[in-house]
Amino acid sequence: MADPLPLADAQARLLALATPLAQEQADLAEASGRWLAANIGARVDHPFADLSAMDGYAIRYDELPGPWRVVQEIAAGAVPGAPLATGEAARIFTGAPLPAGADTILIQEEAARSEDTLRLAGKGPRAKGAHVRAKGMSFSAGSTVLRAGERLTPARIGLAAMAGHAVVPVRRRPRVALISTGHELAAPGTAIGPGQIYESNAAMLAAMLSAEPAALASRRILGDSLPLLVDAISRAAADCDVLVTTGGASVGDHDLVRPALEAAGATIDFWRVAMKPGKPLMAGRLGGCVVLGLPGNPVSAFVTALLFLKPLIATLGGAADPLPRTVRLPLAVGTPANGPRLDFVRAAITNGMVRPLVVQDSGALTALAEADALLLRPPYAPAAEPGMFADVLIVA
Ligand SMILES: Nc1nc2c(c(=O)[nH]1)N[C@H]1C(S)=C(S)[C@@H](COP(=O)(O)OP(=O)(O)OC[C@H]3O[C@@H](n4cnc5c(N)ncnc54)[C@H](O)[C@@H]3O)O[C@H]1N2
Ligand code: MOO
């Protein structure tokens, strides 16, 4: 039996099985959380002219401390009047273009106006150009504002709109089929028989997928029967881009997922990863679909979905940076030396410090549900003292 793969190697091998799906155009309302399939260029300058960032008066800085004569008023959406002559100012509002000749805004809180006469009534602008958003300061027409592979966060969707785009190029959403395996599994809400437990992996994975640009193609619960599994796998694979199984991935007599996948025609690329939880993970291909066999233990299924399924969805979606990001946080307590597997310790974050939870059983969804983060303990890491910094994956 080959040694379990290091996590990074296993992730690289899984992602090498996937290529980004076909490109399509999405309305901005449909684009959230997807990845750009091409660079986005600006259709306009932003700002389109020198604009006031405050309500006040447009003046010429060299003419401070005034006084000035107010000769025009400019609101956002209006076009400025004649250029300012010496000693003239314009009443102006946030977002309005400055008239020619003005270079600075005197905010109204620091101005005193009587009829058309304007005087300084405070410190006044600190420098030439104060409270002016210069033309093209954010971007100019024709420049690239967003790049292929970037995820469309709300801010980036706003930026695409600001640059003049109502639709953006993205990738088709992958269709994901979920198969939960195990004789003991009963659907939640049904009557439970002797020896049975409620099936929870599918609900958890479907919830994880609902936050991703993926479509749930099908969802089945199956007993540990080879012919049934082969049939269900073949049907699911005919109509999905990603086939996820949970359970039956280990070495027991009832762990039938690998033989079933192979009987259905799948090629297994790797099995077993040097991580805890999640060791008996398998990945391969079946027809047009990438197959991911997750361990059945609920915490193991969650952790492997976070580290493999989500990056797979991202890769199919065209992400430039598909792997989850860790942050560094100080440990609230010391942790013992680690064994040969990269350990993802369920942990709480309190006052910016990370503390392992007491229960670490890979069946204990109670502890996972309580966890804010997974604390990464690298293979053979020595014992760590309180206050030492460690990599952490935020999960809540
Ligand atoms: N002799 C060995 N035994 C085990 C090994 C090993 O290396 N040698 N590995 C252990 C590890 S690590 C894991 S993880 C589990 C995973 O095994 P399977 O993927 O075969 O999972 P199952 O045996 O089918 O189930 C494990 C556990 O999880 C419960 N389960 C399964 N599916 C669901 C579901 N959809 N919803 C809720 N709960 C589920 C199942 O009832 C079992 O309790 O194997 C170890 N054994
Ligand atoms: O690797 Mo298993 O996922 O520890 O319980």
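Is arginine 258 buried, partly exposed or exposed? In this predicted model, arginine 258 is partly exposed, because its relative accessible area is 30%, which falls between the limits of 20% for buried and 50% for exposed.

## A salt bridge within one helix

Arginine 258 has a charged partner, glutamate 262, and their side chains form a salt bridge with an N to O distance of 3.2 Å. Both residues belong to helix α5, which covers residues 257-263. They are 4 residues apart, or about one turn of the helix. Glutamate 262 is also partly exposed, with a relative accessibility of 38%.

Side chains of opposite charge can pair when their charged atoms come close.

## Salt bridges between distant parts of the chain

The model has 14 salt bridges in its count. One of them joins the side chains of arginine 34 and glutamate 24, at 2.6 Å from N to O. This pair links distant parts of the chain: glutamate 24 is in strand β1 (23-27), while arginine 34 is in the loop between β1 and β2 (40-41), 10 residues apart. How buried or exposed are the two partners, arginine 34 and glutamate 24? Arginine 34 counts as buried, because its relative accessibility is 4%, under the 20% limit. Glutamate 24, at 32%, counts as partly exposed.

Another salt bridge is formed by arginine 328 and aspartate 391, whose closest N and O atoms are 3.2 Å apart. Here too the pair links distant parts of the chain: arginine 328 is in strand β22 (residues 327-330) and aspartate 391 is in strand β26 (residues 389-394), 63 residues apart. Aspartate 391 counts as partly exposed, with a relative accessibility of 28%.

Salt bridges can also join up into a network, as they do for Arg151, Glu212 and Lys310.

## An enclosed helix

Why is helix α3 described as largely enclosed by the rest of the structure? The helix covers residues 201-210, and 7 of these 10 residues are buried, so the rest of the structure largely encloses it. The buried residues are Asn201, Ala202, Met204, Leu205, Ala206, Met208 and Leu209.

These buried residues pack against both strands and helices. The strands are β13 (175-181), β16 (215-222), β17 (242-246) and β21 (289-294). The helices are α6 (298-316) and α7 (365-370).

## The surroundings of ligand 1

How many residues surround ligand 1? There are 22, and the closest are Glu184, Glu199, Ala249, Ser250 and Gly296.

Some of the contacts of ligand 1 are with side chains. A nitrogen atom of ligand 1 lies 2.7 Å from an N or O atom in the side chain of glutamate 199. An oxygen atom of ligand 1 lies 3.0 Å from an N or O atom in the side chain of aspartate 255. With serine 250 the backbone is involved: one of its polar backbone atoms is 2.9 Å from an oxygen atom of ligand 1.

## The surroundings of ligand 2

Ligand 2 takes up the space of the second largest pocket. Around ligand 2 are Pro277, Gly278, Lys279, Pro280, Asn297, Ser300, Arg341 and Ser362.

Two serine side chains have an N or O atom close to an oxygen atom of ligand 2: the distance is 2.4 Å for serine 300 and 2.5 Å for serine 362. Lysine 279 takes part through its backbone, where a polar atom is 2.9 Å from an oxygen atom of ligand 2.

How values were computed: Residues are numbered from 1 along each chain as its sequence is written. Chains are lettered from A and ligands numbered from 1 in the order in which they are written. This is a predicted model: local features need pLDDT of at least 70, side-chain atom pairs count only at pLDDT 80 or more; totals for chains, interfaces and linings use all residues. Side-chain values use heavy atoms; hydrogens and water are left out. A salt bridge is a side-chain nitrogen of Lys or Arg within 4 Å of a carboxyl oxygen of Asp or Glu. Helices (H or I, at least four residues) and strands (E, at least two) are DSSP runs, numbered from the N terminus. Buried means under 20% relative accessible area, exposed over 50%, partly exposed in between (1.4 Å probe, protein chains only). Contact means heavy atoms within 4.5 Å. A residue is near a molecule or strand if one of its heavy atoms lies within 4 Å of it. A polar contact is a pair of N or O atoms within 3.5 Å; within protein, one must be able to donate a hydrogen and the other to accept it, and residues adjacent in sequence count only if both atoms are side-chain atoms. On a 1 Å grid over the protein atoms alone, a cavity is a set of points where a 1.4 Å probe fits but cannot get out, and a pocket is an open set with protein on both sides within 12 Å along at least five of seven lines; lining residues have an atom within 4 Å of a point. A molecule sits in a cavity or pocket if more than half of its atoms lie within 2 Å of its grid points.
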